[in-house]
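Thanks for coming, everyone. I have one structure to walk through today, so let me put it on the screen.

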Amino acid sequence: MGTIYLICGKICSGKTYYAKELAEEKNALILSCDELSRIIDRNISIDSDKYDVIAKELQSYLIWRAVDISSHGVNVILDWGFWTERDRAALSYFMTDHGFKYEWHYLDISEEHLKKNIEKRNSHPSAFDYFVDEGLLEKCLSRFEVPDKSSIHVWKTIK
């Protein structure tokens, strides 16, 4: 059985960059909600209600795929933030209850570094990146709940 790595962090905290590094280190496949949502609808805005609905459906699908893939011995990384304690606790319970190997990785980013990441992302976006303005940043940060350290396997501080 492979391990499922769950990347938790705020918008623009470097989750995808970290996921790519981890994928190399752990020989893992990355499954990204943002990537799939942009493939489905290139014009979708992350601050729309439509995005919220699509993201929840994609996340459910990607969890199912991760479980299936890991059952064949392949390591998988789920890259989308896991912003609420409720979602993280439910997924941890599901993984434990079904005997899946998993690890939570949290990117704890300073406000200064977050601002630098946003500037860099907005000036050089990839095909799957969203432009992050003040309104979107405020919305996303208001939804994010910092995890309890006892629930995280790897706590990476980015200063």
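Where is the place of N27? N27 is in the loop between α1, residues 15-26, and β2, residues 28-32. Before I go on, a caution: this is a predicted model. Back to N27. Its phi is positive, about 50 degrees, although N27 is not a glycine. Is N27 buried or exposed? N27 counts as exposed, because its relative accessibility is 67%.

Now the overall layout. The protein has six helices and five strands. Starting at the N terminus, the order is β-α-β-α-α-β-α-β-α-α-β. There are 159 residues in the protein, and buried ones make up 43% of them.

Let's take the helices, starting with α1. It has 12 residues, and at 1.5 Å a residue they should span 16 Å. The end C-alpha atoms of α1 are 16 Å apart, which agrees. Which residues of α1 are buried? They are K15, Y18, A19, L22 and A23. Looking down the axis of α1, its buried residues fall within an arc of 140 degrees, so they line one face of the helix. Here is the background. An α-helix has 3.6 residues a turn, so residues three or four places apart point the same way. The face of α1 turned away from the buried side carries Y17, K20 and E24, which are exposed.

Next, α4, residues 85-97. This helix has 13 residues, and 18 Å is what they should span at 1.5 Å a residue. The C-alpha atoms at the ends of α4 are 18 Å apart, so that agrees. R88, L91, S92 and M95 are the buried residues to look at in α4. Down the axis of α4, its buried residues sit within an arc of 105 degrees, so they too line one face of the helix. Turned away from that buried side, α4 carries the exposed residues R86 and Y93.

Look at both ends of α4. Ahead of α4 is the loop from β3, residues 75-81, and F82 is found in that loop. F82 has a positive phi of about 45 degrees and is not a glycine. Is F82 buried or exposed? F82 counts as buried, because its relative accessibility is 5%. So we have two non-glycine residues with positive phi to remember: N27, which is exposed at 67%, and F82, which is buried at 5%.

Just after α4 comes G99, with a positive phi of about 75 degrees. Then F100, in the loop between α4 and β4, residues 101-109. F100 is buried, because its relative accessible area is 15% and the cut-off is under 20%. How far is the C-alpha of F100 from that of T3? They are separated by 7.4 Å, although F100 and T3 are 97 residues apart along the chain.

One more helix: α5, residues 111-123. Its 13 residues reach 18 Å from first C-alpha to last, close to the 18 Å expected at 1.5 Å a residue. L114, I118 and R121 are buried in α5. Seen down the axis of α5, its buried residues fall within an arc of 70 degrees, so they line one face of the helix. The face of α5 turned away from the buried side carries the exposed residues E112, E119 and K120.

Now cysteines. How many disulfides does a search of the whole structure find? It finds zero. Take C12. The closest cysteine sulfur to that of C12 is in C140, 8.4 Å away, which is too far for a bond. For scale, a disulfide needs the two sulfur atoms within 2.5 Å. C12 counts as buried, because its relative accessibility is 7%. C140 is buried as well, with a relative accessible area of 4%.

Last stop, the largest pocket. What is the volume of the largest pocket? It is about 1500 Å³. The pocket is lined by 48 residues, and those closest to its centre are K15, T16, D34, D79 and W80. You have met K15 already, as one of the buried residues in α1. By class, the lining has 21 nonpolar, 12 polar and 15 charged residues.

That's my tour. Over to you.

Note on methods:
Residues numbered from 1 in each chain as written. Predicted model: local features only at pLDDT ≥ 70, side-chain atom pairs only at ≥ 80, totals over all residues. Heavy atoms only, no water. Buried < 20%, exposed > 50% of the residue type's maximum accessible area, 1.4 Å probe, protein only. 1 Å grid on protein atoms, 1.4 Å probe; cavity = no way out; pocket = protein on both sides within 12 Å on 5 of 7 lines; lining within 4 Å. Points joined across faces, edges and corners; volume = space filled by probe spheres on them. Nonpolar A, V, L, I, M, F, W, Y, C, P; charged D, E, K, R; others polar. Helix = DSSP H or I, 4+ residues; strand = E, 2+ residues; numbered from the N terminus. Expected span 1.5 Å × (residues − 1). Arc of directions from axis to C-beta.
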